Amino acid sequence: MTDWEVWLIILLVIGVIFSNLAVLKYSSKFKLPPFGHPKNKSGKSSPSTTQDDDNAKGDKGADK
């Protein structure tokens, strides 16, 4: 390998390292939701919406 090829590889590796650090710094500002089952507004775990939930939403809209 010639000298310029070695320097090019070194610069590419350093560029990848700095770009990964920049992405980590940028993405650390975001908040992720907790892992596990999704929770509804009441705090109870619910894997999917049920017919009761749909009826409750419809009732709330009718009361207004």
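Three short exercises with solutions follow. The model is predicted: local features need pLDDT of at least 70, side-chain atom pairs count only at pLDDT 80 or more, and totals for chains, interfaces and linings use all residues. Residues are numbered from 1 along each chain as its sequence is written, and side-chain values use heavy atoms, without hydrogens and water.

**Exercise 1.** State how many helices and strands the protein chain has.

Solution. Take DSSP runs: H or I of at least four residues for helices, E of at least two for strands. The result is 2 helices and 0 strands.

**Exercise 2.** Classify Met 1 as buried or exposed, and place it in the chain.

Solution. Apply the cut-offs: buried is under 20% relative accessible area, exposed over 50%, partly exposed in between (1.4 Å probe, protein chains only). Met 1 counts as exposed because its relative accessibility is 77%. Met 1 sits in the segment before α1 (3-27). Across the chain, 2% of the 64 residues count as buried.

**Exercise 3.** Find the aromatic pair and describe its geometry.

Solution. Ring centres of Phe, Tyr and Trp (its six-membered ring) must lie within 6.5 Å; planes under 30 degrees apart are stacked, over 60 edge-to-face, the rest tilted. The rule gives 1 aromatic pair. Tyr 26 and Phe 30 form it, edge-to-face, at 5.4 Å centre to centre and 80 degrees between the planes. Both Tyr 26 and Phe 30 are exposed.
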